[in-house]
Amino acid sequence: MRKGRGRTSRIRRRKLFRSSESRGVNESHKPAFIELKKWLRDRKFEDTNLTPARFPGTGRGLMSKTSLQEGQLIISLPESCLLTTDTVIRSYLGAYIAKWQPPPSPLLALCTFLVSEKHAGDRSPWKPYLEILPKAYTCPVCLEPEVVNLLPKPLKTKAREQRTHVQEFFTSSRDFFSSLQPLFSETVESIFSYSALLWAWCTVNTRAVYMKHRRRHCFSAEPDTYALAPYLDLLNHSPDVQVKAAFNEETRCYEIRTVSSCRKHEEVFICYGPHDNQRLFLEYGFVSIHNPHACVYVSEGWNQLSFYH
Ligand SMILES: C[S@@+](CC[C@H](N)C(=O)[O-])C[C@H]1O[C@@H](n2cnc3c(N)ncnc32)[C@H](O)[C@@H]1O
């Protein structure tokens, strides 16, 4: 009998194929991750469960170092690692935000801080985090108009609305940026350009976790619900997993707990929400192939058609 033709070997081959399909390539040796881990350790975060890796289907993400049981805490990131409006208010930008009228939004404060720290380069205490952030994003707002034109009509409309929204965000923030001129030797126009603000806006939009902060009068009334969570924000989305994620007031850490188990050396996912592919693309710049929330948007006028005879 020839070897490898039986049922057992077929099952083994299939399993091997399936695991090689989802197997990640460890990236923890990369200098950017070594620096980030050092930075995190200085802030009392030691990771035991996860490691950065690159996966065939989802790109860069986090891989389990051991098998993870249901209900297990997979990551617990101390408050000192989080970048929130508190960080911004405590920084050199605080005094400028406090005196600006009308008060800037929490989102503008975060974006301004990101652009300014990125500009500071080696001088920024956030450099190890900034270095691992994507240089460019794939959300529709970043696409050329000719590419947007090729999208299905309902998505095209939303993509154009998103572009208008970010352009208005930029235009309405320019006076505030001008007020920051005393902080820089270069002109603020060259630092707070449209492309720099777009990068910061996409960073917050695609990576921030939900964390509610109390209302502060130095900010506008828009909800202050963002926290950038270095390292934790390497977790990719799967619609099939369930996790519990929240800031724990007792431990003062942002914690994520699995609801389902995960095998050793597999990609660890979280769920960004029960989003259809249009929403995933608009907000995060990707679509999920086997998305149980996928739906088809129909253009106006279809509702007048009768589907019953
Ligand atoms: C919070 S970050 C996750 C980490 C990110 N992959 C990275 O390399 O920094 C969110 C971004 O990851 C990517 N992403 C998340 N889940 C994904 C998935 N299931 N498939 C493809 N890309 C995904 C998208 O670009 C999304 O905007």
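**Exercise 1.** In which helix is Arg163 found, and does this residue count as buried, partly exposed or exposed?

*Solution.* The model is predicted. Start with the secondary structure: Arg163 is found in helix α8, which covers residues 153-179. Next, take the neighbour count, which is 18 C-beta atoms inside 10 Å for Arg163. A residue is buried at 20 or more such neighbours and exposed at 12 or fewer. Arg163, with its 18, therefore counts as partly exposed. Finally, look for a partner distant in sequence: Val141 is 22 residues away from Arg163 along the chain, and the two C-alpha atoms are 5.0 Å apart.

**Exercise 2.** Describe helix α10: its span, its burial and its packing partners.

*Solution.* Begin with the span. Helix α10 has 14 residues, 194-207, and reaches 20 Å from its first C-alpha to its last. That is close to the 20 Å expected at 1.5 Å a residue. Then turn to burial: 10 of the 14 residues are buried, and α10 is mostly covered. Among the buried residues are Trp199, Trp201, Cys202 and Arg207. The last step is to see what these buried positions meet: the buried residues of α10 pack against α5 (106-120), α8, α9 (188-191) and α11 (277-284). Helix α8, one of these partners, is also the helix that holds Arg163.

**Exercise 3.** What is the strand order in the open sheet of five strands, and why does one side of β1 and of β7 lack a neighbour?

*Solution.* Read the order across the sheet: β1-β2-β3-β10-β7, with mixed pairing. β1 (25-26) and β7 (236-237) stand at the edges, and each has a single partner strand, so one side of each has no neighbour in the sheet. For β1, follow the pairing with β2 (residues 50-55), which is antiparallel and has two bridges. Within this pairing, Val25 stands opposite Arg54 in β2.

**Exercise 4.** Which residues form the covered face of strand β9, and how many bridges join β4 to β9?

*Solution.* Sort the residues of β9 (253-258) by face. Tyr254, Ile256 and Thr258 are on the covered face, whereas Cys253, Glu255 and Arg257 are on the uncovered one. Now take the pairing with β4 (residues 73-78): five bridges join this strand to β9, and the two run antiparallel. Glu255 is the bridge partner of Ser76. β9 also pairs with β8 (residues 243-248), in the antiparallel sense over six bridges. Here Ala245 stands opposite Ile256. To finish, inspect the hairpin of β8 and β9: four residues lie between the strands, and Arg252 takes a positive phi near 55°.

Conventions
Residues are numbered from 1 along each chain as its sequence is written. This is a predicted model: local features need pLDDT of at least 70, side-chain atom pairs count only at pLDDT 80 or more; totals for chains, interfaces and linings use all residues. The expected span of a helix is 1.5 Å times one less than its number of residues. Two residues are in contact if their C-beta atoms, placed from the backbone, lie within 7 Å. Two strands pair if DSSP finds at least two bridges between them.
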